[in-house]
Amino acid sequence: MAKHVGVKLPDDLVELLRQENSLAVLATFSEKGVPNTTPIQCIYPKGNESLLMSIHKEHTGYLNMVWQKKVMLCFLGENNVAYSVLGRAGVVRAPSLVHPL
């Protein structure tokens, strides 16, 4: 079952992401329009409107994210509930100062 997220993250998704074993799939596109998916395990909600995640700066998903700024994240919760989050991405330096992932 798919669950529409809307503009803000629902409380059940925030709780899912606060668990240590949460996993997301990051979807991006290259400058040539080639799709790319990347599993992301280090992700944490920053309130109910933003997500913090860790990805290596040489990874294709990161390069696409910096170039295009548009991303989609997919999460799978309990009872096979799928969450899809579409949004803009930005790079935050020194994530340990923002949140100790």
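What percentage of the 101 residues of the protein count as buried? Hi everyone, let me start with that one. The answer is 31%. Please keep in mind throughout that we are looking at a predicted model.

Let me give you the overall layout. There are 3 helices and 7 strands in this protein. If you walk along the chain from the N terminus, the order of elements is β-α-β-β-β-β-α-β-β-α.

Two totals for the whole protein, since I know some of you like them. The accessible surface is about 7200 Å², and carbon and sulfur atoms hold 54% of that surface. As for contacts, if we take those with a separation of 6 or more, 52% come from residues 24 or more positions apart.

Now, to the inside. The largest nonpolar core contains 19 residues, and Leu13, Ile43 and Phe75 are the ones with the most contacts inside it. Which elements give two or more residues to this core? They are α1, covering 11–18, β2, covering 24–29, and then α2, β6 and β7. Helix α1 provides the largest share of the core, with 4 residues.

Let's stay with β6 and β7 for a moment. Strand β6 spans residues 70–76 and β7 spans residues 82–88; the two run antiparallel, and 7 bridges join them. If you want a pair to click on in your viewer, try Met72, whose bridge partner in β7 is Leu86.

These two strands form a hairpin with 5 residues between them. Among those who like backbone angles, this is the fun part. Asn79 sits in the loop between β6 and β7, and Asn79 has a positive phi of about 60 degrees, although it is not a glycine. Is Asn79 buried or exposed? Its relative accessible area is 74%, and because the cut-off for exposed is over 50%, Asn79 counts as exposed.

There is another residue to show you with a positive phi. Lys69 is not a glycine either, and its phi is about 75 degrees. You will find Lys69 in the loop between α2, residues 60–68, and β6. How does Lys69 fare on accessibility? With a relative accessible area of 41%, Lys69 is partly exposed, because that class lies between the 20% limit for buried and the 50% limit for exposed.

So, if you open the model after this meeting, I would suggest looking at Lys69 in the loop between α2 and β6, then at Asn79 in the loop between β6 and β7. Thanks for listening, and I'm happy to take questions!

Terms used:
Residues numbered from 1 in each chain as written. Predicted model: local features only at pLDDT ≥ 70, side-chain atom pairs only at ≥ 80, totals over all residues. Heavy atoms only, no water. Pairing = 2+ DSSP bridges. Buried < 20%, exposed > 50% of the residue type's maximum accessible area, 1.4 Å probe, protein only. Contact = heavy atoms within 4.5 Å. Areas by Shrake-Rupley, 256 points an atom, 1.4 Å probe, with all protein chains shown as cover. Core = buried A, V, L, I, M, F, W, Y, C linked by side-chain atoms within 4.5 Å.
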